[in-house]
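I opened this entry to keep track of what I looked up, chain by chain. The structure goes in first and my notes follow.

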Amino acid sequence: MTRGRRAVAIVGVVLLAGGLAWGASGLYDFGHYHALYGKIVARDAVPDRSATNSVVVTAFDYRAFDTLGEEFILFVAVVGVAVLLRRLRGESGRDEDEVAEEDRRASESTRWIGMALVGPLVVLTAYIVVHGHLTPGGGFQGGVILMGAVAFVAVGGESLVLLHLRRTSSWVEMSESAGAAGFAMLGFGGLIGAGAFFQNFIANGTSGLLTGGFIPLANIAVGLEVGGALMMVISEFFDQRLHGQAT
Amino acid sequence: MNGLLALLLTLVAVVGTLAVAVREPVRQTIAVGILGLLLSMLFFALQAPDVALSEIVVGSLAIPLMLLLAIAKIREQQKPAEGEPGDAHPGEAEK
């Protein structure tokens, strides 16, 4: 039995190694890029849209339809996580005081640093999202950093504050849905304003923040969606701590 | 390929192997976090700051955080099972 398994493994490894070697042998040298599409984008994106980050111009303008698909994948994945974890709700509960007590076990300095970093991270999120079309960053990066801010609230020993916020209002879901819908609406805006789905329908501008047509709007929509989605996942995970031994 | 890239690629290979070789879940999580940090430095050195920004938060914060929370949850559920198997009120056993 073990022998048969080993034979299968050896055949698999040899085939994989051979395939990798064969595939890698025909590649260009390290750092030598030859595909045409990337060169065209690198040359034309900046003059074409007045926005300086050609990565974001590609993701949110030339290839906005792909981004829409990715966004909906994230949306569905988060809904799946929420549904899966919510099934446990109300089965057995732990005292909130108990969890708060656990939170306070973190050292004083950890909690102070955690809480002190929340504000700067939120500001950084806004900066990254709004300047996405000019400097490295964009909606996705901003949304992920916002999740970092939420994680620091928990590191700071205030995860219960998050849960109360989450339960008493639906701003996280609102943000997620509004972001997803907003990005899709930009596509329809292109359909109405310029004749094709996700055609850039806003004037490009010349320099500064208001360039790139609808790219800043797309960044904000995606930032809301990703930020909301990841905050939902994180708060669901923290929420699990309140369900003591759910069996 | 310059020295910085060679160093980062080697470090990624070493830490990536470590993350697989370490068998204790919490330590493995830390190794994965360090791997995320190294990967983001590698992306930055390869002039892909957009990807590096995503990787630094997802790889070194989001994934370790979720793994740690999941590990904590699993251990919490295992605790009463080891102490008193067949306890009708596992929530009470903790107090």
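**Chain B, then chain A**

I began with chain B of this predicted model. Of the chain B contacts between residues at least 6 apart in sequence, 41% join residues at least 24 apart. I found four helices and zero strands in chain B, running α-α-α-α from the N terminus on. Buried residues make up 24% of the 95 residues in chain B.

I then took the same kind of notes on chain A. Chain A has 10 helices and zero strands, and its pattern along the sequence reads α-α-α-α-α-α-α-α-α-α. Of its 247 residues, 32% are buried. Among chain A contacts with a separation of 6 or more, 76% are between residues 24 or more positions apart.

**Dimensions of chain A**

I looked up the overall extent next. The C-alpha trace of chain A spans about 65 × 60 × 35 Å along its principal axes. Its radius of gyration is 23 Å, whereas a compact globule of 247 residues would have one near 18 Å.

**Two helices of chain A**

I checked the length of helix H4(A), residues 64–86, against its residue count. Its 23 residues should span 33 Å at 1.5 Å a residue, and the end C-alpha atoms are 33 Å apart, so the two values agree. I listed Ala64(A), Thr67(A), Leu68(A), Glu71(A) and Val78(A) as buried in H4(A). What do the buried residues of H4(A) pack against? Their partners are helix H3 (54–62), helix H9 (171–193) and helix H10 (215–239) of chain A.

I did the same for H9(A). This helix has 23 residues and reaches 31 Å from its first C-alpha to its last, close to the 33 Å expected at 1.5 Å a residue. Its buried residues include Val172(A), Ser175(A), Glu176(A), Gly179(A) and Phe183(A). The buried residues of H9(A) pack against H4, helix H8 (159–168) and H10 of chain A. Just after H9(A), I noted Gly195(A) with a positive phi of about 95 degrees.

**The nonpolar core**

In soluble globular proteins, nonpolar side chains tend to be buried together. I therefore looked for the corresponding set here, and the largest nonpolar core has 56 residues. Those with the most contacts inside this core are Met147(A), Ala151(A), Ala218(A), Leu230(A), Met231(A) and Ile234(A). Both chains appear among the elements giving two or more residues to this core: H3, H4, helix H6 (108–130), helix H7 (139–155), H9 and H10 of chain A, and helix H2 (25–45) and helix H3 (49–83) of chain B. H10(A) gives the most, with 14 residues. I followed up Leu230(A), which touches Gly143(A), Val144(A) and Met147(A) when residues up to four places away in sequence are not counted.

**Two positive phi values**

Most residues other than glycine have a negative phi, and I noted two non-glycine residues with a positive one. Ser50(A) has a phi near 60 degrees and sits in the loop between helix H2 (36–49) and H3 of chain A. Gln47(B) has a phi near 65 degrees and is found in the loop between H2 and H3 of chain B.

Is Ser50(A) buried or exposed? Ser50(A) counts as buried because it has 21 C-beta neighbours inside 10 Å, and the cut-off for buried is 20 or more. Gln47(B) counts as exposed because it has 9 such neighbours inside 10 Å, and the cut-off for exposed is 12 or fewer.

How values were computed
Residues are numbered from 1 along each chain as its sequence is written. Chains are lettered from A and ligands numbered from 1 in the order in which they are written. This is a predicted model: local features need pLDDT of at least 70, side-chain atom pairs count only at pLDDT 80 or more; totals for chains, interfaces and linings use all residues. The expected span of a helix is 1.5 Å times one less than its number of residues. Two residues are in contact if their C-beta atoms, placed from the backbone, lie within 7 Å. A nonpolar core is a set of buried Ala, Val, Leu, Ile, Met, Phe, Trp, Tyr and Cys residues joined through C-beta atoms within 7 Å. The radius of gyration is taken over C-alpha atoms; the globule rule is 2.2 Å times the number of residues to the power 0.38.
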